[in-house]
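Colleague: I have some questions about this structure. Could you take me through them briskly?

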Amino acid sequence: MSRQPNSDEPREIAHPEQFVFTPPIDIYETEQGLVLYADLPGVSVNSLELQVQDNKLTLLGRVEPQIPEGARPLHKEYEVGNYLRSFILSGEIIHSQIEAKLANGVLRIFLPKAPKAEPRRIQVNTG
Amino acid sequence: MPIFRWEQSWNPLRDLEREVDRLIQGVEFSVQGIRMPRQYPAVNIFELDHEFLITAELPGMQVEDLDLTIANGVLTLKGHRNPPVIDEGEIPEERFRRQERPFGEWQRSISIPDRISEEHLSAEFNDGVLKIHLPKLEEELPRQIPVSSGE
């Protein structure tokens, strides 16, 4: 059962039916925000979909088998498949300023944090 | 409520992510953990009519950091993968919320399944996937050896 995307709704990332892997990731925090690295071997810029909807960040990397036709497998340690991982973002991330860069099969996503508001003194008036 | 499978109980957080995904999307899909114990890098070996093809997953490697050598029918791959913080300088351990990607020195030797032309070996590296082409040697025709009589 899959929902059909409506033209006026944000496009839903379709789940592929072949192998789906959870890519290994690193996340660390800086003063400015969170930095996320994900290993996505075989994924190019054209085959990567990143989406933020509500507070959910979804990455889907599609990998096409690049083996020539007629190649007979002699030894197999990994499957070729797609990568999928979702994250729930906290309210302090500025969704509109998320940056992503893909190089050599590694995705780097920068998730900027909104600057903390200065504490404001509230005047209490006597009745 | 989803019930976690026992073999994946070592990582409840990841399981939770998957189960949430499944509930939201309502779609079943096959999942295979990427962190199962295995040699690094993972390789696949294929045979074609004219060559053997080895593929290896090496995300984040640079071509200049890859070292491929072949001797006596054994191909050796060597390299070093930098930690992710190289762009930003040293990041203290406590800043990491999650660290799952491997880094450091690695080396792997693979026996070549048959006779190949070592001079014509070639390799390409794209999107973190290394492909090594090992062309087969031309089959030698049987050579007649003349036998002389002892007379």
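What follows is an exchange on the two chains, one sheet and the charged pairs.

Colleague: Before we start, what kind of model is this?
Modeller: Treat every value here as computed from coordinates. The model is predicted.

Colleague: How many helices and strands does chain A have?
Modeller: Read along the sequence, chain A runs β-β-β-β-β-β-β-β-β. No α appears in that pattern. The count is therefore zero helices and nine strands, with each element taken as a DSSP run.

Colleague: And which pattern does chain B follow along the sequence?
Modeller: Chain B holds one helix and nine strands. The helix leads and the strands follow. The pattern is α-β-β-β-β-β-β-β-β-β.

Colleague: What share of the residues in chain A is buried?
Modeller: Chain A has 127 residues. It exposes about 7,800 Å², with carbon and sulfur atoms supplying 49% of that area. A residue counts as buried under 20% relative accessible area. By that cut-off, the buried share of chain A is 43%.

Colleague: What is the buried share in chain B?
Modeller: Chain B has 151 residues. Its exposed area is about 9,900 Å², and carbon and sulfur atoms make up 52% of it. Buried residues in chain B come to 40%.

Colleague: Among contacts in chain A between residues at least 6 apart in sequence, how many percent join residues at least 24 apart?
Modeller: Chain B gives 53% for residues 24 or more positions apart, among contacts with a separation of 6 or more. For chain A, the figure is 59%.

Colleague: Turn to the open sheet of three strands in chain B. Which are its edge strands?
Modeller: The order is E4-E5-E7, with antiparallel pairing. An edge strand pairs on one side only. That describes E4 (67-71) and E7 (104-111) of chain B.

Colleague: By what angle are neighbouring strands of this sheet turned against each other on average?
Modeller: The strands in question are E4, E5 and E7 of chain B. Direction is ignored for this angle. The average is 15°.

Colleague: Over how many bridges do E5 and E7 of chain B pair?
Modeller: E5 of chain B spans residues 74-81. One facing pair is Leu77(B) opposite Arg108(B) in E7(B). The antiparallel pairing of E5(B) and E7(B) covers eight bridges.

Colleague: Is Glu105(B) buried or exposed?
Modeller: Glu105(B) is in strand E7 of chain B. Beyond its neighbours within four places in sequence, it contacts Gly79(B) and His80(B). Its C-alpha is 6.5 Å from that of Arg81(B), 24 residues away in sequence. The cut-off for exposed is over 50%, so at 67% relative accessibility Glu105(B) is exposed.

Colleague: Now the charged pairs. How far apart are N and O in the salt bridge between Asp26(A) and Arg101(B)?
Modeller: This pair crosses between chains. Asp26(A) sits in strand E2 (residues 25-29) of chain A, while Arg101(B) is in the loop between E6 (96-99) and E7 of chain B. Both residues are buried. The N to O distance is 3.1 Å.

Colleague: Why does the salt bridge of Arg62(A) and Glu49(A) tie together separate parts of chain A?
Modeller: Their side chains meet at 3.2 Å, N to O. Arg62(A) lies in the loop between E5 (56-61) and E6 (72-76), whereas Glu49(A) lies in strand E4 of chain A, so the linked parts are separated in sequence by 13 residues.

Colleague: Which of the three labels, buried, partly exposed or exposed, fits Arg62(A)?
Modeller: Its partner Glu49(A) is buried, because 19% is under the 20% cut-off. Arg62(A) has a relative accessible area of 27%. That value falls between 20% and 50%, so Arg62(A) is partly exposed.

Colleague: What are the closest N and O atoms of Glu79(A) and Lys76(A) apart?
Modeller: Both residues are partly exposed: Glu79(A) at 27%, Lys76(A) at 47%. They form a salt bridge, for which the cut-off is 4 Å. The closest N and O atoms are apart by 3.8 Å.

Colleague: Last one. Which residues do salt bridges with shared partners join into one network?
Modeller: The structure holds 13 salt bridges over all chains. Some of them share partners. The network joins Asp26(A), Asp39(A), Arg81(B) and Arg101(B).

Terms used:
Residues are numbered from 1 along each chain as its sequence is written. Chains are lettered from A and ligands numbered from 1 in the order in which they are written. This is a predicted model: local features need pLDDT of at least 70, side-chain atom pairs count only at pLDDT 80 or more; totals for chains, interfaces and linings use all residues. Side-chain values use heavy atoms; hydrogens and water are left out. Two strands pair if DSSP finds at least two bridges between them. Helices (H or I, at least four residues) and strands (E, at least two) are DSSP runs, numbered from the N terminus. Axes are lines fitted to C-alpha atoms, for helices over the stretch in contact, and angles run from 0 to 180 degrees between N-to-C directions. Buried means under 20% relative accessible area, exposed over 50%, partly exposed in between (1.4 Å probe, protein chains only). Contact means heavy atoms within 4.5 Å. Accessible areas come from the Shrake-Rupley method with a 1.4 Å probe; for residues, only the protein chains shown count as cover.
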